[in-house]
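I opened my notebook to go through this structure step by step. Here is what I looked up, in the order I went.

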Amino acid sequence: MTKNEKLKQWVSEMKKICTPDAVHWCDGSKDEYDRMLEIMLDAGIAMKLDESKRPNSFLFRSDPSDVARVEDRTYVASRKKEDVGPTNNWVEPKELKEKMLKLYNGCMKGRTMYVIPFSMGPIGSPISKIGIEMTDSPYVVANMHIMTRVGTKVLEALGADGEFIPCMHSVGKPLAQGETDNGKWPCAPIEQKYISHFPEENLIWSYGSGYGGNALLGKKCLALRIASVMAKREGWMAEHMLILRLTNPEGRKFHIAAAFPSACGKTNLAMLQPTIKGWKCECIGDDIAWMKIAPDGSLRAINPESGFFGVAPGTSYESNPMAMESIRKNTIFTNCLLTDDNDIWWEGIGVPCKHGVDWKGKEWTPESKEKGAHPNARFTAPARQCPVICPDWENPEGVPIDIFIFGGRRTSVVPLVTESFDWDHGVYLGATAASEATAAALDVKSKLRRDPFAMLPFCAYDMGDYWQHWFDMGDRLGKKAPKIFYVNWFRKDADGKWLWPGFGDNSRVLKWMCDRIEGKAECVETPIGRLPSKTSLDLSGVKVTGKDLEELLKVDVQAWKSELPEIEEFMNQFKDRLPERMKKQFAKMKKQLGG
Ligand code: SAT
Ligand code: MN
């Protein structure tokens, strides 16, 4: 238990509303984790995988309606509508609470309410924050054990009057007397799902979904949405970024933070193994970066998480061997296919599967019309299991960021890599980032989606104000500001063939960035930014033809020009919150493209 009166009061208040059969304070022990899985095995919603192939690992099948984040059921409630801007679903806080309280009323009947004290970031780091999640889902407890630092040690750090971020969660499926889940993943129908944020009081209320970012509230809800507002208020940065360390043959360390929309190969890049001699790459985080300006003026980053919640399909020993190694044991799989020998499988895992049970629980063969694994099937694995986890990944001081990368999945137009002219231009590149659709969000259908800083679904205040925050951070960082680059690994030629080998060979592009910082690599000035000169990219030992390279580094001025009206329209939606400096960047770009 805790000495924190505010916490005690909140727990007893929610207990009265949700009426669980019992309350359990999570201690974060291995015993507790094992008990959660036992409960779910008994309820028939977890399956134990073969112990010799996949030690201590389990498979879950969610309800087919509960497989991803639901952006149109995600709300940001603030007193003034204009504070959330046009990219968030606004609701008046009182109205939303009234609606949700009706749902929370008695919602935990027949279940246990778990109180999960968790730390985002190493306990005691000046950049970390404490959250408390209350949930009726043992699946959430087990996943939070992996994804965050959970338990008694967090309550100790919180003390009697420490600050915490309350995160309320229920799957929204009370049980009648004697009823059990009986093999059915509990959740509420879509129109009853609410993923709600109250940034003015640092509060999260989630109802009706048991899956991923809707339910593991430390991740997208706290570490991005609530943290984005806190960061703006307090002068730091909460970003949707992987963090990695690249060490060159001379032993100089570079730290890179990179933002890509979900399912753009971010986890692959985070665990990249360089194909160039003498370069070493280590992973610090694969999804979120929290960054503060240190007393020495450098920008220091931590990974607030302690696990990977990665997209399974497409992950293989070829695309991401380090992720494959990370999930060999102690891993929770969700919505993967179950093989006949009790292991998991998914499309793109790199080995064939002749027969199994698909993510919906139906018999599956390669002839089946439907996919064996859901495209957004996931693994939850402890970060420490990654063979290339950086020895400094839990350093409470964080690592100093040298380079920011933005990017997206574009089969045309956008070249392999672009260096920004300066900080403001880099902010423009981040703000205009775009990608072709992802499977991580249920309800996003359009083909090309502008996703500024990969934060579109996660920035819980006006996007224009967020861009201004980036400009302000640049001013404060001055000469110590990281250099900003834009990449696109996904270019295809006219026949639909990939132009760039990707994966480990992406290290060649990262090397160019590091060499640019050291003044060792040449560039050519183009209207859209600085690109590698033909000979400055290290292509030793890789098969990229001269023609393909030319295409990868081509700036098609007409194509760029033709995207300007759409960019302008996108920016204009932020009206008077659109920073003057962003308007200036747009005007400059237009002029440079001769438009
Ligand atoms: O399900 S999550 O929102 O946590 C994963 C993702 O969208 O990247
Ligand atoms: Mn993500």
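Before anything else, I wrote down the cut-off I would need: a residue counts as buried when its relative accessible area is under 20%. I also noted that this is a predicted model.

**Entry 1: a cysteine.** I asked myself: is Cys386 buried or exposed? Its relative accessibility is 3%, and because that falls under the 20% cut-off, Cys386 counts as buried. I then found its place in the fold: Cys386 sits in the loop that runs between strand S24 (378-382) and strand S25 (399-400). Next I looked for its contacts, leaving aside residues up to four places away in sequence, and found that Cys386 touches Met271, Phe308, Met322 and Ser326. I also checked Arg328, which is 58 residues from Cys386 in sequence, with 9.9 Å between the two C-alpha atoms.

**Entry 2: the metal.** Which protein atoms are donors of the manganese ion (ligand 2)? I found Lys220 (NZ), His240 (NE2) and Asp287 (OD), at 2.0 to 2.3 Å from the ion. Along the chain, these donors follow the spacing K-x19-H-x46-D. Lys220 belongs to helix H7 (residues 218-234), while His240 is in the loop between strand S12 (237-239) and strand S13 (241-247), so this pair ties together parts that are 20 residues apart in sequence. I checked burial here too: both Lys220 and His240 are buried.

**Entry 3: a covered helix.** How many residues of helix H4 (residues 138-147) are buried? I got ten of ten, so to speak a clean score, and H4 is mostly covered. Among the buried residues of H4 I jotted down Tyr139, Asn143, His145 and Met147.

**Entry 4: the whole chain.** Stepping back, I noted 15 helices and 32 strands. The radius of gyration is 24 Å, close to the 25 Å that the globule rule gives for 595 residues, so the chain is as compact as a globular protein of that length. Along the principal axes, the C-alpha trace spans about 70 × 55 × 45 Å. Of the 595 residues, 62% count as buried. For contacts between residues at least 6 apart in sequence, I noted that 74% join residues at least 24 apart.

**Entry 5: surface and charge.** The chain exposes about 23000 Å², and carbon and sulfur atoms supply 51% of that area. Last, I looked at the charges: the mean positions of the 81 positive and 80 negative ones are 2 Å apart.

Technical notes: Residues are numbered from 1 along each chain as its sequence is written. Chains are lettered from A and ligands numbered from 1 in the order in which they are written. This is a predicted model: local features need pLDDT of at least 70, side-chain atom pairs count only at pLDDT 80 or more; totals for chains, interfaces and linings use all residues. Side-chain values use heavy atoms; hydrogens and water are left out. Helices (H or I, at least four residues) and strands (E, at least two) are DSSP runs, numbered from the N terminus. The radius of gyration is taken over C-alpha atoms; the globule rule is 2.2 Å times the number of residues to the power 0.38. Buried means under 20% relative accessible area, exposed over 50%, partly exposed in between (1.4 Å probe, protein chains only). Contact means heavy atoms within 4.5 Å. Accessible areas come from the Shrake-Rupley method with a 1.4 Å probe; for residues, only the protein chains shown count as cover. Lys and Arg count as positive and Asp and Glu as negative; His and the chain ends are not counted. The place of a charge is taken as NZ of Lys, CZ of Arg, CG of Asp or CD of Glu. Donors are N, O and S atoms within 2.8 Å of the metal (3.2 Å for Na, K and Ca); water is not among the atoms, so sites may look incomplete.
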